[in-house]
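Here is a short note for a first look at this structure. Please read the points with the model open beside you.

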Amino acid sequence: MFAVHLMAFYFTKLKEDQIKKVDRFLYHMRLSDETLVDIMARFQAEMEKGLGKDTNPTASVKMLPTFVRAIPDGSENGGFLSLDLGGSKFRVLKVQVSEEGKQNVQMESQFYPMPNEIIRGNGTELFDYVADCLADFMRTRDLTHKKLPLGFTFSFPCRQTKLEEGFLLSWTKKFKARGVQDTDVVGRLASAMKKHKDLDVDILALVNDTVGTMMTCAYDDPSCEVGVIIGTGTNACYMEDMSNIDLVEGDEGRMCINTEWGAFGDDGALEDIRTEFDRELDLGSLNPGKQLFEKMISGLYMGELVRLILLKMAKVGLLFGGAKSSALHTKGKIETQHVAAMEKYKEGLANTREILVNLGLDPSESDCIAVQHVCTIVSFRSANLCAAALAAILTRLRENKKQARLRTTVGMDGTLYKIHPQYPKRLHKVVRRLVPNCDVRFLLSESGSTKGAAMVTAVASRVQAQRKQIDKVLALFHLTREQLMGVRDKMRTELEYGLKKKTQALATVKMLPTYVYGMPDGTEKGKFLALDLGGTNFRVLLVKIRSGRRSVRMYNKIFAIPLEIMQGTGEELFDHIVQCIADFLDYMGLKGAQLPLGFTFSFPCRQTCIDKGTLVGWTKGFKATDCEGEDVVDMLRDAIKRRNVGYSGECMVDLALFPWALPLLCHTMPRPCDTGLSLPCAPCTLCFQGSCLLPLQEFDLDIVAIVNDTVGTMMTCGYEDPNCEIGLIAGTGSNVCYMEEMRNIELVEGDEGRMCINTEWGAFGDNGCIDDICTQYDKEVDEGSLNSGKQRYEKMTSGMYLGEIVRQILIDLTRQGLLFRGQISERLRTRGIFETKFLSQIESDRLALLQVRRILQQLGLDSTCEDSIVVKEVCGAVSRRAAQLCGAGMAAIVEKRREDQGLEHFKVTVGVDGTLYKLHPHFSRILQETVKDLAPQCDVTFMLSEDGSGKGAALITAVAKRLQQQGKEK
Ligand code: 0WK
Ligand code: 0WK
Ligand code: BGC
Ligand code: BGC
C-alpha cells in the first residue's frame with residue numbers, strides 16, 4: 001500500500017514538474033481572464049468596425065450580411081436539396097420538411113470525397129465536380145424529374161448581395177481553387193449544373209455553415225440566435241438588428257450576420273498574444289497572414305500547433321531528451337484528433353504515448369505528461385479565445401435588446417467541438433465566467449448545418465412564394481405614369497362636364513358654385529362666429545378681424561359630434577350644433593350676443609347664394625336623416641329658433657318665479673322682435689348695452705355665409721398669400737376648390753371676374769371612369785361604407801377610408817396565409833379598427849419595426865417581423881396611391897387654370913388642410929411630386945393652413961357682410 005502511495009506521490013510530483021515546465025515554456029499561451037476580457041473588448045470593437053459602412057472595407061472581421069432575416073417558424077414544408085461544402089466532409093442531402101402540425105424533418109444524405117486536386121485545382125473543375133456529385137445523388141435517388149429548390153452551404157467568407165448570391169472573398173482552410181475569388185459561387189454552381197440537362201434545380205439560398213447550424217438548432221429551440229462552428233475552421237454568426245447593419249438597406253427587424261471571426265487579428269490586433277508557433281504555423285499555411293484567429297483555434301491547425309511546440313521543445317531539450325523524428329518534423333503529422341485523444345481523461349496518457357511512438361519518438365512518462373499538457377494548453381487557449389469572441393457577441397445581443405440579463409441559445413457544430421473531450425465544458429465555463437449576465441444554452445447540432453440550410457431554403461421559397469403573392473396585391477396599387485396621366489385627363493374632362501350647363505346634371509364632379517367672388521382685401525373687420533363642421537372635429541370659433549393690419553384673433557372650442565348624432569335625425573344634429581354654440585358663447589361670456597355667423601359645412605351643397613346651400617348628399621361619417629335636399633342654413637336657423645323658443649319659455653317661467661331677478665336678466669335676454677312679438681326695444685338702463693326690456697332669446701346669430709371647408713381653407717391662406725386661389729382638403733374627406741372664370745361657370749349668370757368653384761372631386765369616378773384602377777379592396781370598402789357607390793375618388797384618397805383599404809388587404813393576405821400565420825383575429829374583422837392615423841404612424845421613418853409591432857399588438861394582431869414589414873409595405877402602397885391620385889387631380893386643376901389663362905407658365909399657391917396631408921409622413925411630398933410631374937408648366941406652392949377654415953369662413957362672412965351693407969346702402 002505504501003508503495004502505491006509512493007508511486008502516486010512520485011507520479012503527481014512528476015506531473016506537477018512537467019506541467020510547470022510546460023507552463024513556463026508556453027507562458028504566452030496561457031491567457032488570463034483579464035486578457036480574455038481585453039480580447040472580448042477588442043472583438044467588440046472589430047464587430048462595430050465591420051458593421052460600419054465606412055469602416056467595413058478596412059475591418060478584418062467582415063461582419064457579412066447573410067440576408068437570413070428570420071429563424072424557422074414551423075410553417076416551413078416541402079422537399080429540398082442541400083449541399084454541404086467546406087467542412088471536413090462534402091455532403092449532398094435531400095431534406096423533406098413536413099408540416100402536418102408537427103415539425104419533422106426527413107433527411108437522406110451521401111458523402112462525397114473532396115480530393116486535393118479538386119479543392120486546390122481550378123475553380124470551374126471544382127464546381128463541375130460538385131455538380132457531378134449532385135447529379136449522381138439525384139440520379140441514384142430518381143430525383144432528376146423533380147424541380148427541387150436547393151440550399152447551398154458554402155463554408156467560406158462570401159459577400160452576399162442577396163440570399164441566393166455571394167461573392168467569395170477568399171478561400172480558407174484547405175481550399176485554394178483558382179479563379180473563384182470575387183466570383184458569385186451560386187452562379188458558378190448554377191452554370192456547372194446547367195451541363196446536366198436532366199437536372200432542374202433552383203439554388204434559392206447560399207448559406208454559411210454557421211448560419212445553417214444556427215437555423216438547424218433554432219428549428220428545435222426558437223431562442224437560438226447564434227451559430228458557432230469549431231471544426232476544421234472556426235466562425236460564428238448571430239442575429240443583428242438591421243438598424244446596426246449599415247451595409248444593407250432598411251432598419252426593420254434583424255438579419256443574421258456571418259462574423260467570419262477567423263480573420264480577427266489579421267490587421268495585427270492580436271499580435272501581443274500570438275506566439276512564435278502561431279507565426280510559424282501561419283507562414284507554413286495556405287494563406288499566410290490570413291485567418292490568424294482561426295489558426296489559433298480550429299481543428300485544421302491545432303494539431304500542427306502542438307507539433308511545432310513539441311518540435312521546439314525537443315529542439316531545446318525540454319522533451320524526448322532533445323530527440324526528434326522525421327515525423328515530428330513533418331507538417332500535419334499531428335492532427336486535432338490526436339490532440340483530442342491525448343486529452344482524454346482516462347486513456348489520455350496512454351494515447352499520448354501511442355501517438356508519440358507512432359511519430360517515431362520514444363517518449364518517457366514525463367514526456368507524455370508534458371506533451372499531454374501542451375495539448376491542454378493549446379486546446380485551452382483555443383477554447384478561451386473562442387469564449388472571448390463569443391462573449392463579445394452575447395454582450396452585443398444583450399445590449400441590442402436593452403436587457404439586463406440575456407437568455408439565449410447558441411447552436412454549436414464542428415468536429416473539434418464534438419470530438420475533443422474537454423472542449424465543450426471548457427468553452428461553456430469560460431463563456432459563463434466572461435458574461436455572468438447571460439444565461440446561455442449550448443445546443444449541439446445533431447444533423448449538421450444542412451438541415452438549417454434546408455430551413456433557410458424553405459423560408460426562402462416560402463418568402464419567395466409569399467413575396468410573389470404579396471407583390472401581386474401591392475402591384476394593384478402601383479399606378480404607372482400613364483395611368484396617372486389618364487386620371488389627370490379624365491378629371492379634366494369631368495371638371496369641364498361639371499361646369500357646362502348641358503352636362504352638369506350628369507356630371508359626377510359637381511363643380512358647385514360657392515358665390516365667393518374674390519379674396520379678402522384686408523378691409524374686412526369685425527367679430528364673427530364661425531362653425532366648422534365636417535372634419536375630424538366640430539369647432540365653434542369667435543373670429544375678430546382687424547382691418548388694415550390683416551390681423552385676426554380667434555378663440556375656438558372643439559366639440560365632439562357623437563356617432564348617434566352624425567347618423568341620427570337632422571333635427572338632432574342641428575340642435576346639437578346649436579347646443580355647442582350656446583356652450584361656446586357661454587364659455588366666452590357672450591350669452592345673448594348678436595353676431596354674424598359663417599358656417600363651414602364640409603359637405604356637397606348646391607348654393608344659390610352665399611347664405612343658402614342645399615345638401616346634395618352626406619359624405620364621410622355623416623348620415624343624418626331629413627337633411628339631403630334640404631337647405632342646411634335654414635335647418636340651422638330653425639334649430640336656433642327652436643332653441644330660442646325653448647329659452648324664452650324658460651325666462652317667462654323664471655320671471656314668474658323670481659320677478660326680482662329681472663335687472664340681472666335684462667341684457668342677456670333676446671329682443672322681442674325675434675320672437676315675432678312686436679314689442680318696442682330700448683337700451684337697458686342698468687348696463688347701457690343695446691338690449692331690450694323683455695329679453696326672450698338666448699343669442700342672435702345672423703348666418704351670413706355657408707362655406708365649404710376647401711373654400712374656407714383657400715380664404716385663410718389667401719389672406720396671407722394673394723397667389724392662393726385653390727383650396728385643398730386631404731383629411732377625413734378629400735376635396736378641392738379653385739377660383740374659376742365666371743365665363744366658364746355656365747350655371748351662374750355673368751361672365752365677369754371669377755367665382756370659387758367647390759369641385760366636390762370626391763365623387764370623381766362614381767360614373768365608373770376610374771374603375772380600371774379600382775381594386776377589389778376598394779370595392780369592399782365601398783360596399784361597407786355609409787354611401788356605397790358614391791365618392792369613389794374620395795374612398796381611394798382620404799383619411800376616412802385608407803385605413804379600411806389596408807384592413808381589407810391585410811384580411812385578404814391573412815386569408816392567403818401570407819400574414820399573421822393565417823389567423824384573422826376578431827379585431828382585424830372589425831370595421832374601422834385600422835384608423836388612418838395608424839398608417840401615418842406605421843409609415844413614419846422614425847418608427848422602428850418594434851413599434852409597428854406594438855401598434856399591431858394594440859389591434860390584437862400578434863405579428864412577426866416579416867408581418868410588420870409587409871404591413872408597412874401595404875400601408876405605403878395605399879397611401880402612396882392616394883397621394884398620387886390626389887396629385888393627378890390637382891394637376892388637372894392647375895393645368896386647366898394655366899390653359900384657361902393662355903399661360904405658358906402658371907404660378908399658383910394651393911391652401912391645404914386636413915389631417916392626412918398634415919400628419920402622414922409621405923403623403924404631402926408624394927402629392928407635390930406628382931403635381932410637378934404631371935403639370936410641369938405649373939409652379940405650384942402648397943401652403944399649409946395653420947388656422948383651419950374657420951378663419952376663412954369668417955373672412956368670407958366679413959366680405960359678404962360688407963357687400964350686404966353696401967347692397968343696403970345702394
Ligand atoms: C458540420 C456541418 C458543416 C460544417 C462542419 C464544420 O454540417 O456545414 O462545415 O460541421 O465542422 P468540420 O466538419 O469543419 O469539423
Ligand atoms: C381643418 C379645417 C376643417 C376641415 C378639416 C379637414 O378647419 O374645415 O374640414 O381641416 O381635415 P380633417 O379634420 O378631416 O382631417
Ligand atoms: C470560414 C467560415 C466557416 C468556418 C467554419 C472558416 O474558415 O471562413 O466561413 O464558417 O471556417 O467552417
Ligand atoms: C365633402 C367635401 C369636403 C371634403 C373634405 C368631402 O367628403 O364632400 O365637401 O370638402 O370631404 O372635408
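1. Start with helix 26. This helix gives the largest share of the lining of the second largest pocket, namely five residues. Keep in mind throughout that the model is predicted.

2. The second largest pocket holds about 960 Å³ of space. Its lining counts 37 residues, and those closest to its centre are Thr732, Gly799, Met800, Tyr801 and Glu835. Four elements each give two or more residues to this lining: helix 19 (563-566), helix 26 (799-815), helix 28 (836-842) and helix 31 (915-919).

3. What classes of residue make up the lining of the second largest pocket? There are 17 polar residues, 15 nonpolar ones and five charged ones.

4. Turn next to ligand 2. It has 15 residues around it, and the closest are Asp532, Thr536, Thr732, Thr915 and Ser949. Thr732 has been met before, among the residues closest to the centre of the second largest pocket.

5. Look at the polar contacts of ligand 2. The side chain of Asp532 places an N or O atom 2.6 Å from an oxygen atom of the ligand. For Thr536, a side-chain N or O atom is 2.6 Å from an oxygen atom of ligand 2. Ser949 has a polar side-chain atom 2.6 Å from a ligand 2 oxygen atom. On its own, ligand 2 has 370 Å² of accessible area, and the protein covers 92% of this.

6. The shell around ligand 2 can also be sorted by class. Ten of its residues are polar, four are charged and one is nonpolar.

7. Now ligand 1. Which residues come nearest to ligand 1? Of the 15 around it, they are Asp84, Asp209, Thr232, Thr415 and Ser449.

8. Three side chains deserve a check at ligand 1. Asp84 has a polar side-chain atom 2.6 Å from one of the ligand's oxygen atoms. For Thr232, a polar side-chain atom lies 2.5 Å from an oxygen atom of ligand 1. Ser449 also has a polar side-chain atom 2.5 Å from an oxygen atom of ligand 1. Taken alone, ligand 1 exposes 370 Å², of which the protein buries 92%. By class, its shell has ten polar residues, four charged and one nonpolar.

9. Where does ligand 3 sit? The answer is the largest cavity. Around ligand 3 there are 15 residues, with Thr172, Asn208, Asp209, Glu260 and Glu294 the closest. Asp209 is a residue to note, since it is also listed among the nearest to ligand 1.

10. Two elements each supply at least two residues of the shell around ligand 3: helix 6 (209-220) and strand 10 (234-241). Sorted by class, this shell has eight polar, four charged and three nonpolar residues.

11. The contacts of ligand 3 involve both side chain and backbone. Glu260 has a polar side-chain atom 2.5 Å from an oxygen atom of ligand 3. A polar side-chain atom of Lys173 is 2.8 Å from a ligand 3 oxygen atom. At Ser155 a polar backbone atom takes part, 3.4 Å from an oxygen atom of ligand 3. How much of ligand 3 does the protein bury? Alone, ligand 3 exposes 310 Å², and 99% of that is buried by the protein.

How values were computed
Residues numbered from 1 in each chain as written. Chains lettered and ligands numbered in written order. Predicted model: local features only at pLDDT ≥ 70, side-chain atom pairs only at ≥ 80, totals over all residues. Heavy atoms only, no water. Near = heavy atom within 4 Å. Polar contact = N/O pair within 3.5 Å; in protein donor to acceptor, adjacent residues only side chain to side chain. Areas by Shrake-Rupley, 256 points an atom, 1.4 Å probe, with all protein chains shown as cover. 1 Å grid on protein atoms, 1.4 Å probe; cavity = no way out; pocket = protein on both sides within 12 Å on 5 of 7 lines; lining within 4 Å. Sits in = over half its atoms within 2 Å of the grid points. Nonpolar A, V, L, I, M, F, W, Y, C, P; charged D, E, K, R; others polar. Points joined across faces, edges and corners; volume = space filled by probe spheres on them.
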